[in-house]
Amino acid sequence: MFRTTASYFPRIGLKREYKQNLESYWEKKISKEEFVSNMQEIQKHRLDVYSKSGLDYIVCNDFTYYDFMLDLSFMFGCIPERFSHIQDELDLYFAMARGDSKAQAQEMTKWFDTNYHYIVPEFDGHFELKNNTVLKNWLEDKKLGYDTTPVIIGPFTFISLGKINDNNKWLKPSQTKEFRSLLLNVAKQYNTLLIQLQENGVRRICFDEPAFVLDYDKSFLKDIFDAYEIVKKNIFLDITLNSYYESLSYFNEIIENINFDTLGLDFTFRENVENVIKFGLPKDKKLQIGLIGTRHPFKDNLNEAKQLIGLVQKKLSLSSDQMILSTAGPLMHLPVSLELENFDPKISNKLLFSKEKLQHLNLLKNILNGRSDYDFSDEQLEKDENYEETLLTIKKLNPKRAHPFKLRYIEQVKSLNLPKFPTTTIGSFPQTKELRQKRSQFISGKISESEYNQYINDQIKYIVKLQEDLGIDVLVHGEFERSDMVEFFAQKLEGFLCTKHGWVISYGSRAIRPPIIYGKVKRTKPMTIKEIVYAQSLTKKPLKGMLTGPITILNWSFTRPNVPKEVIAYEIALALKEEVMDLQKANIKIIQIDEPAFREGLPLKESKKKDYLEFASKIFRFVVEDVDKLTQIHTHMCYSEFDEIVNYIYEMDADCISIEASRSKGDIISSFEKFKYDHAIGLGVWDIHSPRVPSVEEMLEIAERSFMYIDKNLFWINPDCGLKTRKYEEVIPSLKNMIEAAKILRKKYGEKIEGVL
Ligand code: MET
Ligand SMILES: [Zn+2]
């Protein structure tokens, strides 16, 4: 009989109860007891969903108060010295995640290629199982009558994704000689944990090892095998070794050298299917087949799934008892449930959120076990549009502006009358409480469209005047009409669906609501012209038209699994291209196309990175290739890891790019040591993620450091990112300092752009 399992049902809650509970506790609006009991309620609900959807193996320990990597750090005693002043356990736990008045929070970073962020463990070489929360969670479920299977991040992933301090520099363990000892030491603690579980009656455990899909060095395999020997010492539990987000690297070596009972694979990656067929499985092992996609909210094709499972079963001569059906990865990357949405049934018929994915998994099981007379004809209905032709068109594209940068830029500068060190901002200005109130009043129909538009126009008027008064050179309209830089476009384009409650955790209590691209993307009307043209009409200074780039819209949305991402990006790019040309027609001289998620789509496997990066920069060029020589194209990115991508960013051929530099304390500047970037660039001089007002001197320091690698004639002065999360009290003095810094630089290095150009 085929059985099922799944894990990481989204903890956010249908109505974001998790967020509410956390934030109420942080704001001291509820007591600790209330907080804990609310969390237990959410956990119970999770169990309920699992059991009602017919899962055979219900997991535990896939719930957390903040982050599961943080849970491991906490449990294994990886608690940095700087938090030693905190007595209360829960305070300590949250301080590690969020910092307190005395100690800085631990670093947070992107989890694989998802939009989830985890708290980076800090290692000092010592591990000690302090508090067996896995057992605690299991016992709680047991009290409720469930014999659950704990799921836990495995030792290789835990160590690989942490960091270790080496002479005041943080390094990845794999970059140091400590890697083996860290891994073996933590393995002992995992072993202690397993022994305690075993003694208390636990029968199965699942190790999630997503880091097994990364391109790590082969020489680490021996360390991994030795670590798992230690983990398994005197352990009789049934062990699942699970991986996802890509195909398992070193497939054959792993299956031959680690003593597991069940191997979990993400079958949405063809390489996994090929490998399992090629190498088979050691005798008596079970296979956990992850086929229900968790990276997209679309219905999985059960007919294809059935055939694929049949094929694997035959090739490996497995009995159905040896096959466990599962979701392809953690469910937490999907929203909770469709039940509160109000979609057109034609569309919602194609969709599944987490709860519905579990039902779909159950359906697949019933089909395979012969207990369902499911009608497969439905599966063929929605064959996606023919994209082969589009793929061919994309392949043939070779977008290029008519004039090289050097010819364009000097003329742009002249016609825009830009001084040396032009000052600008990234686009958004503070989204005040009043603004958000007006927006929700408008959405709920309490105020009319014209009243709302009038309010937005008043804001634009205010911000244009403010920027003029401050003496900024290139103005923006403030983005007041946009709640979110992707959702705004999603609401205007055809083919997109915006949800009301489709929240997905990004980190801690913060959740995002990705739009769903369910059909062909099309622009039916201008999207940004009205506000931009109005703003430009208020000033003689150049004002930037603001767009979100194709790669960012793509990467921050859900897409259909059966259409190549390139095709969807191309459709978005076509829409943006029309918008760009309309902005130009409306006499807008500078157009900024933000690509903050450019790096985010980077594939996990080295071998796939080049194609992605080449495509990403090509599609950007495609959007802007037809603009005039005098139209200045800007782009913006806000992260500091540039090393492996800087040449592709150069290939985008934007006239000017603004990027983050101050948050990373100028580390990014070193990327330009190796790569001569000779287009205009604004390395952010003000960290907008902090409420602090930076001094003129700090800003000058970042600028001066940049001049080691970047021509002064190409240097712009701007913040790290948009100002929407800041308050005017911080924004105004900071901008004043920024203008002052530019003035000082001009005094020192001249007023006019000249020289190398
Ligand atoms: C995350 S990048 C944000 C860019 C956008 N133009 C803004 O200023 O908010
Ligand atoms: Zn940004």
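A residue counts as buried when its relative accessible area is under 20%, as exposed when that area is over 50%, and as partly exposed in between. With that in hand, we can start a tour of this structure, which is a predicted model.

**A helix with two faces**

Helix α26 runs over residues 696-706, and its buried residues are V696, M699, L700, I702, A703 and S706. Viewed down the axis of α26, these buried residues fall within an arc of 160 degrees, so they line one face of the helix. What do the buried residues of α26 pack against? Their partners are β22 (680-683) and α27 (728-749). Turn to the face that points away from this buried side, and you will find the exposed residues E697 and E701.

**A cluster of annotated residues**

In the UniProt record, an unreviewed entry, the feature "binding site" is placed at H636, C638, E660 and C721. These positions are spread over 86 residues of sequence, yet they cluster in space, with a largest C-alpha distance of 8.7 Å.

Two of these residues can be looked at one by one. H636 sits in strand β20. Is H636 buried or exposed? With a relative accessible area of 3%, H636 is buried, because the cut-off for that word is under 20%. Apart from its neighbours within four places in sequence, H636 is in contact with I426, Q592, I593, D594, E595, P596, S658, D720 and C721. One of these contacts, C721, also carries the annotation from the UniProt record. E660, for its part, is in the loop between β21 and α25 (671-674), and its relative accessibility of 4% makes E660 buried too.

**A second set of annotated residues**

The "binding site" annotation of the unreviewed UniProt entry also covers K19, N115 and W556. K19 belongs to helix α1, residues 17-26. A relative accessible area of 18% puts K19 among the buried residues, because the limit is 20%. Beyond its neighbours within four places in sequence, K19 is in contact with I12, S509 and R510.

Where is N115 found? N115 is in the loop between β3 (108-110) and β4 (117-119). N115 has a relative accessibility of 24%, so this residue counts as partly exposed. Leaving aside neighbours within four places in sequence, the contacts of N115 are K110, I505, S506, I512, N555, W556 and E600. W556, one of those contacts, is covered by the annotation as well.

**Spaces inside the protein**

How many cavities of 30 Å³ or more does the structure hold? There are four. The table sets out the largest and the second largest.

| Cavity | Volume | Nonpolar lining residues | Polar lining residues | Charged lining residues |
|---|---|---|---|---|
| Largest | about 130 Å³ | eight | nine | one |
| Second largest | about 50 Å³ | two | six | one |

The largest cavity is lined by 18 residues, and those nearest its centre are T5, S7, C206, N242 and Q288. The elements that each give two or more residues to this lining are β1 (3-6), β2 (57-60), β6 (149-153), β9 (204-208), β10 (238-242) and β13 (323-327).

Which residues line the second largest cavity? They are T424, K544, Q592, H634, T635, C656, S658, W716 and N718. Two elements, β20 (632-637) and β21 (656-659), give two or more residues each to that lining. There is a link to the annotated cluster here: Q592 and S658 are in this lining, and both are also in contact with H636.

**The annotated N-terminal span**

The unreviewed UniProt entry places the feature "domain: Cobalamin-independent methionine synthase MetE N-terminal" at residues 7-315. The C-alpha atoms at the ends of that span lie 28 Å apart, and the span is 42% helix and 15% strand.

Strand β11, residues 262-266, holds T262. With a relative accessibility of 0%, T262 counts as buried. Setting aside its neighbours within four places in sequence, T262 is in contact with D238, I239, T240, L241, K286, L287, Q288 and I324. Among these contacts is Q288, which is also one of the residues nearest the centre of the largest cavity.

Methods: Residues are numbered from 1 along each chain as its sequence is written. Chains are lettered from A and ligands numbered from 1 in the order in which they are written. This is a predicted model: local features need pLDDT of at least 70, side-chain atom pairs count only at pLDDT 80 or more; totals for chains, interfaces and linings use all residues. Side-chain values use heavy atoms; hydrogens and water are left out. On a 1 Å grid over the protein atoms alone, a cavity is a set of points where a 1.4 Å probe fits but cannot get out, and a pocket is an open set with protein on both sides within 12 Å along at least five of seven lines; lining residues have an atom within 4 Å of a point. Grid points are joined across faces, edges and corners, and a volume is the space filled by probe spheres set on the points. Helices (H or I, at least four residues) and strands (E, at least two) are DSSP runs, numbered from the N terminus. Ala, Val, Leu, Ile, Met, Phe, Trp, Tyr, Cys and Pro count as nonpolar, Asp, Glu, Lys and Arg as charged, and the others, Gly among them, as polar. UniProt positions are given in the numbering used here, feature names are shortened, and annotations may be inferred rather than shown by experiment. Buried means under 20% relative accessible area, exposed over 50%, partly exposed in between (1.4 Å probe, protein chains only). Contact means heavy atoms within 4.5 Å. The arc is that of the directions from the helix axis to the C-beta atoms.
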